[in-house]
Every structure is written in structure tokens, then in C-alpha cells.
2 protein chains.
Amino acid sequence: MGKSKTEHFSEATNELSAIGKCISHPARIAIIEYLLKSESCICGDIVASLPLSQSTVSQHLKELKSIGLIKGEISGPNVCYCIDVNQWNFIQQKLGAFFNQVPKSMECETDCC
Amino acid sequence: MGKSKTEHFSEATNELSAIGKCISHPARIAIIEYLLKSESCICGDIVASLPLSQSTVSQHLKELKSIGLIKGEISGPNVCYCIDVNQWNFIQQKLGAFFNQVPKSMECETDCC
DNA sequence: AATTCTTATCGTAATATTGCGATAAGAATT
DNA sequence: AATTCTTATCGCAATATTACGATAAGAATT
């Protein structure tokens, strides 16, 4: 009843869905886009770039960090967030492998689609 | 207050997050994997392959359909679900373009990570 | 030591998602 | 026409997510 059933699926399946969850919110996409394009990686600047409160952004940063997509380094009074290039490449590869699979749909046996 | 703020983000950002949401649940990944690998695309067979009730699976199918990743065709008393190859390729391309961006992190200005 | 600045965490409220059984609706069979 | 089979939808409950303000905690400055 609303309780997630992740334990019934394979590790690979759960890994992919975790990646999906990470990029399933526009704020998290926006944070990644910011880190990809901006010179700054200071937490405060990320917060300033988003239409969300500091605490909310902090939560999104935590989620991105939890999957390893970004890493935070304390820099004086600030925290500098950067994309973890290794994990970035790993995720790119995982998603790439998934979507490189060619759908059988084109030659559907039942001839229904 | 819990209310999503999608309207504050760009269309491209929301589009990507919608893709993410679609693949953010293991059941939906499993459905896609099933359609990629199996000979059958009959709804009932998909349901039988998952540890979830018929109504729950139907809901996940609806979500996948809403983003156009799969399409359902009525075939007698059954419904045949297939991956929409055009949308599949479109999404592959969108995700590919996103992850092909090279993180600036490697040359972080602030030298903090 | 007090203040200020920055960020994380806590507490809470609103909303969304997930899941199921029951039921409806449509097609095929009897 | 009644029955059966298949799938979608409804209604509801449990859980998860999203968001914010308040507050804590740590660093730098005064």
C-alpha cells in the first residue's frame, strides 16, 4: 500500500531507476546545468540562481551527492560543489548502454504495433 | 509547501526531468526491459512478469505512455504495448546530449575540487 | 568573545507517488 | 444474451517527495 517494492527488482534495475530519480526534478537538472556552465560552484551562488529557498536547494544538493553525481568541498565559509567526473562518466555509460538497446518493437511478433 | 515549481524552470529543463521521472521507478525500468527483450508485448504478460498487481502495472504503463515511450494497440481482447522507436531515439538523443556536456569541474576556477 | 556569513539539518505542511482491491468497460466466446 | 477474459479506471490508504522557515553549527571577521 504505497510502500515501495524496490527489493523485488534486480540491482541493475534499481540502479537505473536511482539515476532516473536523481534527474527527475527540474531543480536538480538546473543545478547540474549550472555546474556545467558556470564559473562558480559556490553553494550560495547555486541557491541564488534558483527560485527556491536555501534549505530546499540544500536538500536537492544532498540528493545529487547521495548518488555521487556531485561532490562538495568545504572552502572557508563556503561549500564548493562540483560534478564528480568519474561518476558522471559512469552514469553516462549506464544510460547509454540502456538506450542503445534496440527495441524489438520494430518487428513485433504479434504484428500489433 | 510541497507544491512543485516546474513553471519556474525552462522547457528543456522540465523535459529532461520528465524523462528522468519516467525511468525513476524500477517497475517502469522492468517494463521497458521486458519490452526490449521479450517476444510478447501483451499487457497480461507484462503484468505476469512483475511482482505488482494488474492495476498498479496499468498505472505504470499509463505513465510510460504519457511520455510517449511506449504505445498501446488494442489487439482483440488484449492490449499490445510496444516501445515507440521514434520517441525512444528522441529520448536517447536528449539524454545523450545532456551527458555529453563536459563538466567544468575538472578545471574548477576556485580550485576547490 | 561577539558577530556575521554560509550551509546543513530539523520540524512541519502540502502535494505527489505508489499500491491495491473493486469495479467498469469492451471484446470474444458460449 | 449471458459469460468470460482482459485491461482501464476509481476510490482509498500508505508512503515519499517537495518546500519552507527556524535553528544549529562551523568558519571568518570584528
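**Exercise 1. Get a feel for chain A.**
Task: work out what share of the contacts in chain A with a separation of 6 or more comes from residues 24 or more positions apart, and then list the elements of the chain in order.

Solution. Start with the contacts: taking those in chain A with a separation of 6 or more, 44% are between residues 24 or more positions apart. Keep in mind that you're working with a predicted model here. Next, count the elements: chain A has 5 helices and 2 strands. Reading from the N terminus, they come as α-α-α-α-β-β-α. Last, burial: chain A has 113 residues, and 46% of them count as buried.

**Exercise 2. Relate the two chains.**
Task: find what turn and what shift lay chain B on chain A, and name the kind of axis this gives.

Solution. Some background first: two copies of a chain are related by a rotation about an axis and a shift along it. For this pair, the turn is 180° and the shift along the axis is 0.0 Å, with an RMSD of 0.0 Å once chain B is laid on chain A. That's how a two-fold axis relates its copies. Now check the contact surface: 100% of the contact residues of chain B recur in chain A, so the same surface serves both copies. To place the axis, go to B:Gly20, which comes closest to it among the residues of chain B, with its C-alpha at 2.2 Å.

**Exercise 3. Describe a helix pair across the chains.**
Task: give the geometry of the packing between helix H1 of chain A and helix H2 of chain B, then sort the contact residues by type.

Solution. Two packed helices are described by the angle between their axes and the distance between the axes. Here H1(A) covers residues 11–22 and H2(B) covers residues 26–37; the angle is about 115° and the axes are 8 Å apart. As for handedness, the crossing of H1(A) past H2(B) is right-handed. On the H1(A) side, the contact uses A:Thr13, A:Asn14, A:Leu16 and A:Ser17, while H2(B) brings B:Pro26, B:Ile29, B:Ala30 and B:Glu33. Sort these by type and you get 4 nonpolar, 3 polar and 1 charged.

**Exercise 4. Track down the disulfides.**
Task: say how many disulfides there are over all chains, which parts of each chain they tie together, and which way each one is handed.

Solution. A disulfide is a covalent bond between the sulfur atoms of two cysteines. With a cut-off of 2.5 Å between the sulfur atoms, the count over all chains is 2.

Step one, chain A. The sulfur atoms of A:Cys41 and A:Cys80 sit 2.2 Å apart, and the two residues form a disulfide. The torsion about their S-S bond is about -65°, so this one is left-handed. A:Cys41 belongs to the loop between helix H2 (26–37) and helix H3 (43–49), and A:Cys80 to strand S2 (residues 78–83), so the bond ties together parts of chain A that are 39 residues apart in sequence. For burial, the cut-off is under 20% relative accessible area. A:Cys41 is buried at 4%, and A:Cys80 is buried at 0%.

Step two, chain B. B:Cys41 and B:Cys80 form a disulfide with their sulfur atoms 2.2 Å apart. Its torsion is about -70°, so it's left-handed. B:Cys41 is in the loop between H2 and helix H3 (43–48), and B:Cys80 is in strand S2 (residues 78–83), so parts of chain B that are 39 residues apart in sequence get tied together. Both cysteines are buried: B:Cys41 has a relative accessible area of 4% and B:Cys80 one of 0%.

**Exercise 5. Look around B:Ile46.**
Task: decide whether B:Ile46 is buried or exposed, and list what it touches beyond four places away in sequence.

Solution. First place the residue: B:Ile46 is in helix H3 of chain B. Its relative accessible area is 0%, so B:Ile46 is buried. Leaving out residues up to four places away in sequence, B:Ile46 touches B:Ile31, B:Tyr34, B:Leu35, B:Cys41, B:Val57, B:Leu61 and B:Tyr81. One of these, B:Cys41, also turned up in the disulfide with B:Cys80. For a C-alpha distance, take B:Ile32: it is 14 residues from B:Ile46 along the chain, and 9.7 Å separates the two C-alpha atoms.

Notes: Residues are numbered from 1 along each chain as its sequence is written. Chains are lettered from A and ligands numbered from 1 in the order in which they are written. This is a predicted model: local features need pLDDT of at least 70, side-chain atom pairs count only at pLDDT 80 or more; totals for chains, interfaces and linings use all residues. Side-chain values use heavy atoms; hydrogens and water are left out. Axes are lines fitted to C-alpha atoms, for helices over the stretch in contact, and angles run from 0 to 180 degrees between N-to-C directions. Helices (H or I, at least four residues) and strands (E, at least two) are DSSP runs, numbered from the N terminus. A crossing is left-handed if the near helix is turned anticlockwise from the far one by less than a right angle, and right-handed if clockwise. Contact means heavy atoms within 4.5 Å. Ala, Val, Leu, Ile, Met, Phe, Trp, Tyr, Cys and Pro count as nonpolar, Asp, Glu, Lys and Arg as charged, and the others, Gly among them, as polar. Buried means under 20% relative accessible area, exposed over 50%, partly exposed in between (1.4 Å probe, protein chains only). Copies are superposed by least squares on the C-alpha atoms of residues with pLDDT of at least 70 in both.
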